[in-house]
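Hi everyone, thanks for making time this morning. I'd like to walk you through one model, helix by helix, and then stop at a couple of residues. Have a look at it first.

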Amino acid sequence: MPASSLLQRSALGLWFLGLGALGLLRWWMRYARDAGATSDPVMQAWLWGSLAIAVLGTVWIARAVAAHRRERR
């Protein structure tokens, strides 16, 4: 079976990282519009959810890169 490319291995991680970045952008747009009102529960959900998804994507990408490096040896 042929080895998977790095892009194929990290596709889901990149997708989650992109979703997290879009969520953080959405949070920032609302933060800028409402003059820094951070106590809103919806804004807190956007912020923490986006950060969690971005961290998850970053971890999956790091694991894919590590697996790719192990295979190349």
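**Two helices and how they meet**

Let's begin with α2: its 23 residues should span 33 Å at 1.5 Å a residue, and its end C-alpha atoms are indeed 33 Å apart, so the two agree. Do keep in mind, as we go, that this is a predicted model.

Which residues of α2 are buried? They are G13, F16, G20, G23, W27 and R30. If you colour those on your screen, you'll see that α3 is part of what covers them. Just past the helix there is a small thing to check in your torsion plots: α2 is followed by A35, and the phi of A35 is positive, near 55°.

Now to α3, which runs over residues 41-72. Helix α3 has 32 residues and reaches 46 Å from its first C-alpha to its last, close to the 46 Å expected for it. Its buried residues are M43, L47, S50, A54, G57, I61, A64, A67 and H68. A quick reminder for reading that list: an α-helix has 3.6 residues a turn, so residues three or four places apart point the same way. And what do the buried residues of α3 pack against? The partners are α1, residues 6-9, and α2, residues 11-33.

So how do α2 and α3 sit relative to each other? Their axes come within 7 Å and cross at roughly 155°. Angles over 145 degrees count as roughly antiparallel, which is why α2 is described as roughly antiparallel to α3. The crossing is left-handed. Sorted by class, the contact of α2 with α3 has 18 nonpolar, six polar and two charged residues.

Let me finish with two single residues. S4 lies in the segment before α1. Is S4 buried or exposed? Somewhere in between: S4 is partly exposed, with a relative accessible area of 33%. Setting aside neighbours within four places in sequence, S4 is in contact with R9 and H68, and H68 is one of the buried residues of α3 that I listed a moment ago.

For a sense of distance, S4 and A54 are 50 residues apart along the chain, and their C-alpha atoms are separated by 23 Å. R70, our other residue, is in helix α3. From S4 to R70 there are 66 residues in sequence, with 12 Å between the C-alpha atoms. R70 itself is exposed, at a relative accessible area of 57%.

That's my tour; happy to rotate the view for anyone.

Definitions and conventions
Residues numbered from 1 in each chain as written. Predicted model: local features only at pLDDT ≥ 70, side-chain atom pairs only at ≥ 80, totals over all residues. Heavy atoms only, no water. Helix = DSSP H or I, 4+ residues; strand = E, 2+ residues; numbered from the N terminus. Expected span 1.5 Å × (residues − 1). Buried < 20%, exposed > 50% of the residue type's maximum accessible area, 1.4 Å probe, protein only. Contact = heavy atoms within 4.5 Å. Axes fitted to C-alpha atoms, helices over the stretch in contact; angles between N-to-C directions. Parallel < 35°, antiparallel > 145°, perpendicular 65-115°, else oblique. Left-handed = near helix turned anticlockwise from the far one by under 90°. Nonpolar A, V, L, I, M, F, W, Y, C, P; charged D, E, K, R; others polar.
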